[in-house]
Amino acid sequence: MGRTKKIQFVTLNVNHAEQVIKTIELFSSCFSDRERYTVKRLTDELRPSQKPFYRQFFIAESQGHVVGAGGVKALDWASHTHALYLSAVHAGYRGRGIGKNLIKLRLDWLKENYQSGRVIVSTAKIDRLKQFGFAQVSETCKDGRALMLKEF
């Protein structure tokens, strides 16, 4: 996949089967833990869910390929709390700001749809999330991930 292709960021259309399949393929290719990220789990996560326990996904497309994706969802165990999750960028497209744009899209969507709340994320990209106002609330685990929080 070439470096000069235009990238479009859109809301995942869960009724567009090809777009959903390509998003599942992206996640499957990026996540190494096959037991945790089964095709069934990914398919279930991409299914629509209504408020208050919504799930919303955004994707980055280039030349008909899904090259990045990320979700945001309401947490059912903490009121006014949302999580950024299932974030991935195709290896051939990393380093172009796609991940940052997907974070921004999700945070903007939250601010447009909710007056206030908090967002959590488990990430190895600690410095990237600090750029968006997240604070680290846990020690870094052995896998290099830490829990981060942002209030809005």
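In which helix is Thr-23 found? I would like to start there, and the answer is helix H1, which covers residues 17-30, in what I should say at once is a predicted model rather than an experimental one.

Let me stay with Thr-23 for a moment. Its relative accessible area is 0%, and since anything under 20% is taken as buried, Thr-23 is a buried residue. If we leave aside the neighbours within four places in sequence, the residues in contact with Thr-23 are Leu-12, Leu-46, Ile-59, Val-66 and Ala-69.

From that one residue, let me step back to the whole chain. The protein chain has four helices and seven strands, and, read from the N terminus, these elements follow one another in the order β-α-α-β-β-β-α-β-α-β-β. The radius of gyration is 15 Å, close to the 15 Å that the globule rule gives for 152 residues, and so the protein chain is as compact as a globular protein of that length. If you prefer to think in terms of a box, the C-alpha atoms fill one of roughly 35 × 30 × 30 Å along the principal axes.

How much of the chain is buried? Of the 152 residues, 40% are buried. As for the contacts between residues at least 6 apart in sequence, 57% of them join residues that are at least 24 apart.

Turning to the surface, the protein chain exposes about 8,900 Å², and carbon and sulfur atoms supply 49% of that area. There are 25 positive and 14 negative side chains, and the centres of these two sets lie 5 Å apart.

Next, a word on the cysteines. A disulfide is a covalent bond between the sulfur atoms of two cysteines. In this model the count of disulfides comes to zero. Two cysteines that I can point out are Cys-30, which is partly exposed at a relative accessible area of 22%, and Cys-141, which is also partly exposed, with a value of 46%.

Now to the backbone, and to two residues that you may want to find in the structure above. Most residues other than glycine have a negative phi. His-80, however, has a positive phi, near 60°, and Leu-86 likewise has a positive value, near 45°.

Where do these two residues sit, and are they buried or exposed? His-80 is placed in the loop between strand S3, residues 65-74, and strand S4, residues 81-89, and at 56% relative accessibility His-80 counts as exposed. Leu-86, by contrast, lies within strand S4 itself, and Leu-86 is buried, with a relative accessible area of 7%.

The last residue I would like to show you is Gly-99, which belongs to helix H3, residues 98-113. With a relative accessibility of 16%, Gly-99 falls under the 20% limit and therefore counts as buried. Once the neighbours within four places in sequence are set aside, Gly-99 is in contact with Val-89 and Arg-128. It may also help you to place Gly-99 with respect to Phe-31, which is 68 residues away along the chain, with 15 Å separating the two C-alpha atoms.

To close where we began, the picture I would leave you with is a predicted chain of four helices and seven strands, with Thr-23 buried in helix H1 and His-80 exposed in a loop between two strands.

Note on methods:
Residues numbered from 1 in each chain as written. Predicted model: local features only at pLDDT ≥ 70, side-chain atom pairs only at ≥ 80, totals over all residues. Heavy atoms only, no water. Rg over C-alpha atoms; globule rule 2.2 N^0.38 Å. Buried < 20%, exposed > 50% of the residue type's maximum accessible area, 1.4 Å probe, protein only. Contact = heavy atoms within 4.5 Å. Areas by Shrake-Rupley, 256 points an atom, 1.4 Å probe, with all protein chains shown as cover. Lys, Arg positive; Asp, Glu negative; His and termini not counted. Charge placed at Lys NZ, Arg CZ, Asp CG, Glu CD. Disulfide = S-S within 2.5 Å.
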